[in-house]
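Hi everyone, thanks for coming. I'd like to walk you through a few spots in this one, so have a look at the screen.

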Amino acid sequence: MTGRAARIAAPVLFGIAVLVLWQVVVTAAGVPAFLLPAPSAIATQIDAQFPVLLATAAITGGNALVGLVAGFLAGVVLAVLAARSRLVQELVTPVVLAASAVPIVALAPVFTTMFGSTTEIPRRLVVTVVVIVPVFVSTLRGLRQVQPVHAELMAALAATPWQQARFVRLPGAVPYVMTGLRLAAPAAVIAAIVAEYFGGLQNGLGSRISSAAANTAYARAWAFVAASIALGLLFFLAGLLVERLVTRTRTSR
């Protein structure tokens, strides 16, 4: 078995072992369903609810994607402006860091009250706020990593600040920007799901989880949890793929 195959097989085998142990313990100990349903019961619900799982995952994933793109663009722009101007940096950085300390449970109800419960805007705004923070911090760090020789060369050429940003700072910050995107991608899914717990349309994974649990359909709730995990992994892998493609393109030049 090659090293790459072993890296893939190891977590898969570990996951299977955990599921088998889970099934054995729940069955042998007679664990109540409201504490922990058996994997077999969850699998039955996944099969029965599969079309609903796909539909709700598409809605939650769409909200996460919109918020991810908006937050990514906003984070990069704010980081560029902060790196360009000390005044902007002193104004923006505390606000962004303060936003990272605000819990989703506080943001979601406020945005729902502001924009109404019949639109997806509140959830997308929650995701946007969550995404801005890692993208801004990572991009700003990359923009500050300028080699002295490059800075001296641009100064000797009498380059304007925007020319320095375009030809030196931004290209050098690309790996940091991609790292921010990779970190923000799964966080976008988490934010979108959690935001659905606090009112609004009952059409996403988060709202279906809370609804199923409230109706004591615990295996069905766990089926939606499994769909949430799959969606988060999909976003993480997509972010990782983008990071590797961009990094590989840069190194191959």
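Let's begin with leucine 13, which sits in helix α1, residues 3-29. Keep in mind that this is a predicted model. Is leucine 13 buried or exposed? Its relative accessible area is 56%, and the cut-off for exposed is over 50%, so leucine 13 counts as exposed. Leu13 also has company: together with Ile8, Val12, Ile16, Val20 and Val24 it makes a nonpolar surface patch of about 550 Å².

Now to the inside. How many cavities of 30 Å³ or more does the structure hold? Just one, and the volume of the largest cavity is about 60 Å³. Which helices each supply at least two residues of its lining? Those are α5, residues 104-115, and α6, residues 121-144. If you want to find the place on screen, look for lining residues including Ala108, Thr112, Pro122, Arg123, Phe198 and Leu201. Gly116, Ser117, Gly199 and Gly200 are also among them. As for character, the lining divides into five nonpolar residues, six polar and one charged.

My last stop is threonine 216, in the loop between α9 (205-214) and α10 (218-252). Its phi is positive, about 60 degrees, although this residue is not a glycine. Why point that out? Because most residues other than glycine have a negative phi. Threonine 216 has a relative accessibility of 51%, and exposed means over 50%, so this residue counts as exposed too.

That's my tour, and I'm happy to go back to any of these spots.

Conventions: Residues numbered from 1 in each chain as written. Predicted model: local features only at pLDDT ≥ 70, side-chain atom pairs only at ≥ 80, totals over all residues. Heavy atoms only, no water. Patch = residues over 30% accessible without salt bridge, like charges linked within 9 Å, V, L, I, M, F, W, Y side chains within 5 Å. Areas by Shrake-Rupley, 256 points an atom, 1.4 Å probe, with all protein chains shown as cover. Salt bridge = Lys/Arg side-chain N within 4 Å of Asp/Glu carboxyl O. Helix = DSSP H or I, 4+ residues; strand = E, 2+ residues; numbered from the N terminus. Buried < 20%, exposed > 50% of the residue type's maximum accessible area, 1.4 Å probe, protein only. 1 Å grid on protein atoms, 1.4 Å probe; cavity = no way out; pocket = protein on both sides within 12 Å on 5 of 7 lines; lining within 4 Å. Points joined across faces, edges and corners; volume = space filled by probe spheres on them. Nonpolar A, V, L, I, M, F, W, Y, C, P; charged D, E, K, R; others polar.
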